[in-house]
Amino acid sequence: MICILLISLSTFASASVAVELAAVGGCALAGIWCGRLSSALRWAAVWAVLFVLCWLCAHSGVVLMAVGASFAMVRRMLCAFMMAANMVGTTRTGELAYSLQRLGLPKRVSAALCVMLRFAPTLGQEFGAVLDAMKVRGIALSPARVLRHPVQVIENLLVPVVGRVGIVADELANAAAVRGIDAPNRRTSYYELRIGVVDALLLVYFVALAGVSVALGAGVLA
Amino acid sequence: MTAPQAPRDGAAVEFHGVAFSYADAEGNLFEPVLKGVSLSVARGQCVVVTGCSGCGKTTLMRLVNGLVPQAYDGELSGTVCVLGQDAADLGIEGLSLRVGSVFQNPRSQFFNLDTTSEIAFGCENAGLPHDEIRLRVRSAAADLGISHLLDRDIRELSGGQRQMVAIASVHALGPEVFALDEPTAALDVASMRTLAHLVRRLKELGRTVIVSEHRLWWLRGIADRVVHMEDGRIAHDWAAAEFERLPVRELHRMGLRAWRIEDACAEGAPTDGQDPSLPCPVRAVSAAALSFSNLRAGYRRGDDVLRGAAGAFASRRIAALVGGNGAGKSTLARCLAGLHRERAGQVALEGRSAPCRKRAGQVFLVMQEPGYQLFAHTAACELEAAAARRLGRGEAARAAAGEALDRFGLAHLAERHPLSLSGGERQRLAIAAGVLQGARVLVLDEPTSGLDFGNMQAVARELSRVRDDGTCVAVITHDYEFIVAACDEVAVMAGGRVSVQEPLARANLPAVRRTLGFDG
């Protein structure tokens with residue numbers, strides 16, 4: 001998680017492409033080390049595509065420059081998302097809760113983060129179910145529809161999902177409460193969690209990158 | 001008729017004159033949900049608490065694990081004692097070590113995404129040492145016979161397996177009392193039998209088990225006592241042997257489902273399932289509202305789930321679609337409703353070929369969770385929008401919607417938000433929307449899971465009316481009592497094909513039971 005913060009700092013502190021490239025490279029390596037090769041490659045590919053698009057936009061006229069600028073924004077944020085995706089894919093909720101407790105975060109904050117972690121994969125399913133239901137009711141999603149009734153489309157998508165998520169959140173809170181999540185004592189963990197060599201290296205790498213980026217941005221380095 | 005009172009000092013859970021009303025956000029109290037309940041559950045007993053929806057069973061269970069009054073605001077009077085101590089003194093945290101609770105939805109009880117972490121969750125919260133947690137996880141899994149489910153992704157498990165993991169998760173904390181709140185609501189027959197086996201195992205280990213349930217048959221032979229609640233009070237408290245002797249008509253009259261599954265029969269209708277007022281039931285296949293042949297479909301790059309499925313559903317018939325897990329029922333339903341593109345095969349609506357795009361909207365799928373398909377902010381608007389699809393916006397649509405509200409018994413809910421309705425009411429609203437939309441075929445996915453007897457009968461009645469109006473209805477279900485009450489024919493799916501399709505008659509009821517997974 002600290003890495004994610006550092007990456008955000010790095011990519012926004014300076015406009016240097018080299019820094020971004022280094023950050024993406026670092027994330028890809030982290031992804032590969034966690035065993036998610038195809039995912040790491042897919043993210044890297046997306047970044048490369050965005051990079052090319054930006055370059056094309058920048059060189060082809062004023063109108064597209066605005067579009068290019070938004071692509072550039074997305075591209076910079078991509079790296080942080082990449083790291084987050086890796087985290088969501090490989091971290092177990094219990095591990096996260098234990099780590100956050102070790103770092104000293106208050107229980108409420110760590111519980112909120114754990115629930116986010118747990119919900120992330122299921123949101124896709126929920127939206128999928130709503131899209132199917134819209135097809136059945138004959139109000140299927142299509143570009144024409146979105147253009148003509150954007151508010152209604154958003155309402156149709158969000159209301160059932162928010163309703164469902166609210167109910168699920170309620171049930172989840174009950175299920176966690178009856179197993180003692182609010183107990184005043186400190187949590188322990190089923191898993192052994194220690195900061196290993198690779199973790200330390202990764203941390204050092206991103207701290208260095210952030211440092212370089214800030215320095216570049218502040219004009220200390222040329 | 002009361003069961004003999006258990007000796008006070010041996011009691012696991014005791015309620016003394018408990019009354020409770022929920023409160024809303026401002027502190028205003030609703031009508032009392034419990035109106036003076038006194039009950040004593042002895043150690044090692046298995047008690048079933050049953051009754052119609054709204055009788056207070058869930059609130060009673062919440063009193064046992066402390067969710068009421070800590071998580072749910074309200075006014076409580078009377079005392080609840082768990083293992084000799086006042087529940088109010090123990091609080092949810094204290095009770096979590098003494099009471100293990102399992103809820104009805106296998107999808108929303110899991111804080112983690114893999115099974116081992118989930119089973120360890122309670123122990124982690126209690127702050128047990130690392131080695132102790134490992135030991136407890138392994139022994140809980142071994143006790144309940146689910147060691148093969150360790151280290152698996154929860155999303156890959158079936159509903160029944162998830163419930164077993166949920167029980168293991170609370171068992172790892174070593175509670176003496178288990179409070180199960182409708183644990184089988186979303187499960188099929190085979191999973192329910194596995195759960196029954198698990199509860200029996202808990203009894204052998206000397207635990208006290210309190211189960212709140214609508215579907216009673218799986219507890220036959222396990223439960224020692226049946227408590228019937230009505231309108232916030234205990235109406236009856238039978239010993240299992242006494243309950244066994246009650247005739248099924250008596251159970252139905254009280255709004256309860258059958259105890260012996262073979263006893264299930266349609267209320268008031270001839271038991272051979274054929275309604276004599278129907279027009280001649282023998283029909284040529286060409287009159288089929290929906291027919292399909294050689295259907296092949298699968299997901300992503302996976303194997304075919306549907307392997308050359310073929311069949312026909314005629315109009316003015318309610319067909320039950322049954323089959324085991326993975327037989328392809330949901331895939332077939334989604335395919336027919338135009339939500340899933342088939343890889344091969346033909347589907348015809350009223351004789352005319354209908355490609356995937358055309359089917360959506362003509363074949364209306366009522367999902368297992370209708371909350372996904374209700375989009376308006378009041379029930380009345382919902383039905384108007386549906387009617388407007390066929391009649392255009394205006395007076396005609398409003399009139400049709402109003403008429404449908406009356407017919408489906410939803411008139412008193414017209415101004416309520418669809419998501420605030422109960423499960424049974426949402427089902428009826430979704431069915432009404434489908435009918436108003438002009439769908440010629442209605443496909444329903446498990447419409448009665450979690451519904452009590454009265455609501456199940458209501459759904460059966462609605463579908464009968466819809467059928468009599470000319471719509472073709474196909475219902476995916478494992479609810480035997482519903483099949484007997486509502487359906488005219490049974491189609492069995494196995495291995496991605498429709499293997500049998502025949503009218504429902506008294507003679508083939510045992511075969512239907514066997515297909516569902518009962519002993520017959």
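This passage goes through the contact between chain A and chain B, and then two hairpins of chain B. The model is predicted, so to speak of local features a pLDDT of at least 70 is needed, side-chain atom pairs count only at pLDDT 80 or more, and totals for chains, interfaces and linings use all residues. Residues are numbered from 1 along each chain as its sequence is written, chains are lettered from A and ligands numbered from 1 in the order in which they are written, and side-chain values use heavy atoms, with hydrogens and water left out.

Starting with the interface, 47 residues of chain A and 62 residues of chain B take part in the contact (heavy atoms within 4.5 Å). About 4800 Å² is buried between the two chains, with carbon and sulfur atoms giving 55% of that; buried area here is the accessible area (1.4 Å probe) that two parts lose on being put together, summed over both. On the chain A side, the residues that lose the most area to chain B are Arg137(A), Arg179(A) and Tyr190(A), which together make up 22% of what that side buries.

As for polar links, five salt bridges turn up across the interface (a side-chain nitrogen of Lys or Arg within 4 Å of a carboxyl oxygen of Asp or Glu). One of them pairs Arg164(A) with Glu369(B), at 3.5 Å from N to O. Helices H5 (93-103), H6 (107-136) and H8 (150-177) of chain A are the elements that give two or more residues to the side touching chain B, and H8(A) gives the most, with 14 residues. Helices (H or I, at least four residues) and strands (E, at least two) are DSSP runs, numbered from the N terminus.

Over in chain B, UniProt (unreviewed entry) puts the feature "domain: ABC transporter" at residues 13-256 and 290-520; such annotations may be inferred rather than shown by experiment. The span 13-256 of chain B is 36% helix and 28% strand, and its end C-alpha atoms lie 24 Å apart.

Strands S9 (residues 225-230) and S10 (residues 233-239) of chain B run antiparallel, joined by six bridges; strands pair if DSSP finds at least two bridges between them. Arg225(B) has Ala239(B) as its bridge partner in S10(B). Two residues separate the strands of this hairpin, and Asp231(B) in the turn has a positive phi of about 55°.

The other hairpin joins S11 (residues 288-298) to S12 (residues 304-314) of chain B, antiparallel and with eight bridges. Ala288(B) is matched with Ala314(B) in S12(B) as its bridge partner. Five residues lie between S11(B) and S12(B), and Arg300(B) in the turn has a positive phi of about 45°.
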